[in-house]
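Let's look at the labels people attach to a structure and ask what each one rests on. Here is the structure to keep beside you as you read.

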Amino acid sequence: MDRFRMIFQYFQSNSESVMNGICGLLALASIKIYTCFDFSCPCLPQYNMAYGLGIMFVPPVTLFFCGLILNRQSLVMLEEWKRPQGHRKKDLAVIRYMCSSIMQRAMVAPVIWIVVALLDGKCLICAFSSSVDPEKFVGFANASLVQVQQLLAKVPCKDDELMRNNTSRKAVSRYLRCWSQALGWTILLIFIVAAFLARWLRPCFDQATLLQARHWSNYIDIEQKIFEETCCEHSRLFAHKCILHFFESMRQEIKLHSFSLPQEEEGVEREDDLLRGIRHQDQVNKLLKMWYYEKPPLDVS
Amino acid sequence: MDKFRMIFQFLQSNQESFMNGICGIMALASAQMYSAFDFNCPCLPHYNLAYGLGILLVPPFILFLLGFVLNNNISMLAEEWRRPQGQRGKDRAVLRYMFCSMAQRAMIAPVVWVSVTLLDGKCITCAFCTSVPVETLGNSSHPGLSQGEMKRVLARIPCKEIYDGQELIANEVAIRYLRCISQALGWCFVLLMTTLAFLVRSLRPCFTQAAFLKSRYWSHYIDIERKLFDETCAEHARSFAKVCIQQFFEGMSTDLAAARCHPPRKAPADAGEATEKLLGITDQGTMNMALKSWHRCKPPLHLHPPALPSGNGWAGEGQPPAHPPLPRRETAAYYSRV
């Protein structure tokens, strides 16, 4: 019993911290993947925007799904949502609470990716270099439309032969990076202010319901863990009984077919207890063969 | 028993985390192997495609098979699949559950390899450099090149040092184009896999939760039963060996005493445990005989029934024990009372 109590407490205190840990790991993985990723803008008029915006938005979606998959509580919430009502009513407030907590944790890594991409600037420069107004930049003001598009598309590629020493390229690049970083910092500020307000203003609204929802969502989580634990314990005992019955039945058959006097069970050494009457090579082989060819039925009554 | 119980619970509760750990290690190994691998595009027209696609597709297949090989449960699945039905029905749902869970874990390392390969871009660049659209990206009006020649020139795109088609199409332009396509494919592949995994995980509670709980319970049961059976057999083998060896020493001592025509030395009642453990072999000659006999003529795997304890605790004195007749063989119809 004490052991179960310790296990309860362990799960209780650590369910939240496990989820927070996974959230943090995903955030770090997001930054690491961004830095390892070799961003290489195609520098072609039609492809730039698709590539730039693709790199900005597709990995966050992937990270969001990863955040949902790795979070055990999302499964618990889905099971609670989809289960038949039976004898236990369903509380939608609990499901809403669990859903919002899962979503909040899953959003952290995508937001970090987007913010890092914006602060770095490469994605936006690649996506919008063809969309800047060429009139603002000296080097591009006097070319024809098609040529301008081509040149502007090559701005993100510093090593391109046309762009190597082009000062206007640097001007466009700086301009776009400035916008990108401003956008990045703004988004970061908005998210942090939103998180701050959500945490501080929450106690002003319906704290009692929140406490209830949090308690019951923890309860559902622990209940499921304990159910799995109990099933494991039960299957272990079931297997133990089943195997003992099997050995016993072997011993009975051997007694039935051998004509020696029945052994006195009392006072026999402990080793013979463990031998369970199987004392011959053939008997052992027979036992092993029976175990494979005819497993005992799943009935230990 | 308590110790076994704790160990089993630890193994069981951690079986999943143990397998997840192996999964993670294989994924990291896969990424590490890719970065350690020295990719060397042949830069020849027909070999490029074969090499590029080969590096893209063959290692994932190997990693997939390795994922199955490293999974201990594969033998359990095979055993459960192939066993005769006997008295216990076979549940196909359990087999399917076991196979699916192993396949899902084995898929992770190949998916990581394919993603890393596509995001890196070298394989696709090597495989498809002859298919670059020269009309849109380069100078298609460049004169004088037949199809074959052009292919040969384009095939050298990945090898910058020997590329000689700069007038036809700039090397950096072609590589950027191909790498962009490769990375787009890579991210789409990652997104697709993640979406699939998410759907598989989240649709299950909506449709088959009861069947899932049943399959999971019985697949754990089969695993535990197999481990417990092995444990019990090991225990039995230990006891068997102990009794067999004890009987060997006793038999040896009796035989030697009989050969020397004097009754075996009886251990005095207050001799103590150490003397009892000597099993009647108390001199160098006897011990040497025992060791030689153990090597030359091991005792049969047939234990005598335990003799009733005599006054001084010495078993095996006097008449040799009656060997029980061997149990009848397969002619009788065996039945189990379980």
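**How the labels are earned**

Q: Buried or exposed: which word fits C41(B) and C126(B)?
A: C41(B) is buried, and C126(B) is buried too. One thing to keep in mind throughout: this is a predicted model.

Q: What makes C41(B) and C126(B) a disulfide?
A: Their sulfur atoms are 1.9 Å apart. The cut-off is 2.5 Å, so the pair counts as a disulfide. The torsion about the S-S bond is 85°, and the link is right-handed. C41(B) sits in the loop between α1 (2-36) and α2 (45-69) of chain B, and C126(B) sits in helix α5 (residues 122-128) of chain B, so the bond ties together parts 85 residues apart in sequence.

Q: How do you know that C41(A) and C126(A) are bonded?
A: Their sulfurs are 1.8 Å apart, and a pair within 2.5 Å is called a disulfide, so they qualify. This link is right-handed, with 80° about the S-S bond. It joins distant parts of the chain: C41(A) is in the loop between α1 (2-36) and α2 (47-70) of chain A, while C126(A) is in helix α5 (residues 122-128) of chain A, 85 residues away.

Q: Why are C41(A) and C126(A) called buried?
A: Buried means under 20% relative accessible area. C41(A) has 5%, so buried is the right word for it. C126(A) has 0%, so it is buried as well.

Q: What makes the link of C43(A) and C157(A) right-handed?
A: The torsion about its S-S bond is about 95°, so the disulfide gets that label. C43(A) lies in the loop between α1 and α2 of chain A and C157(A) in the loop between α6 (145-153) and α7 (167-201) of chain A, so parts 114 residues apart in sequence are tied together. The sulfur atoms are 1.7 Å apart, and both cysteines are buried.

Q: How many disulfides turn up, and what is the pairing pattern in chain A?
A: Searching the whole structure gives four over all chains. Count the bonded cysteines of chain A in sequence order and you get 1-3, 2-4. For chain B the pattern is 1-3, 2-4.

Q: Why doesn't C231(A) get a disulfide?
A: The closest cysteine sulfur belongs to C232(A) and is 7.1 Å away, so it is too far for a bond. C231(A) is partly exposed because its relative accessibility is 22%; that label covers values between 20% and 50%. C204(A), at 58%, is over the 50% line, so it is exposed.

Q: How do you know that V193(A) is open enough for a nonpolar surface patch?
A: Patch residues need over 30% relative accessible area, and V193(A) has 41%, so it clears the bar. V193(A) is in helix α7 of chain A. Its patch covers about 780 Å², and its other members include L189(A), F196(A) and W200(A).

Q: What makes K225(A) and D221(A) a salt bridge?
A: Their N to O distance is 3.4 Å, and the cut-off is 4 Å, so the pair passes. Both residues lie in helix α8 (residues 207-257) of chain A, four residues apart, or about one turn of the helix. K225(A) is at 14% and D221(A) at 3%, and under 20% means buried. R72(A) joins these two in a network of salt bridges.

Q: Why do we say that R216(B) and E228(A) join two chains?
A: Their side chains meet in a salt bridge, 3.4 Å from N to O. R216(B) is in helix α9 (residues 209-259) of chain B and E228(A) is in helix α8 of chain A, so the pair spans two chains. R216(B) is buried at 18%, whereas E228(A) is partly exposed at 26%.

Q: What do the chains share where they meet?
A: In all, 75 residues of chain B are in contact with 81 residues of chain A. About 7,700 Å² is buried between them, 66% of it on carbon and sulfur atoms. There are three salt bridges between the two chains. One salt bridge links E79(A) to R204(B), with the closest N and O atoms 4.0 Å apart.

Note on methods:
Residues numbered from 1 in each chain as written. Chains lettered and ligands numbered in written order. Predicted model: local features only at pLDDT ≥ 70, side-chain atom pairs only at ≥ 80, totals over all residues. Heavy atoms only, no water. Buried < 20%, exposed > 50% of the residue type's maximum accessible area, 1.4 Å probe, protein only. Patch = residues over 30% accessible without salt bridge, like charges linked within 9 Å, V, L, I, M, F, W, Y side chains within 5 Å. Areas by Shrake-Rupley, 256 points an atom, 1.4 Å probe, with all protein chains shown as cover. Contact = heavy atoms within 4.5 Å. Buried area = accessible area lost by both parts, 1.4 Å probe.
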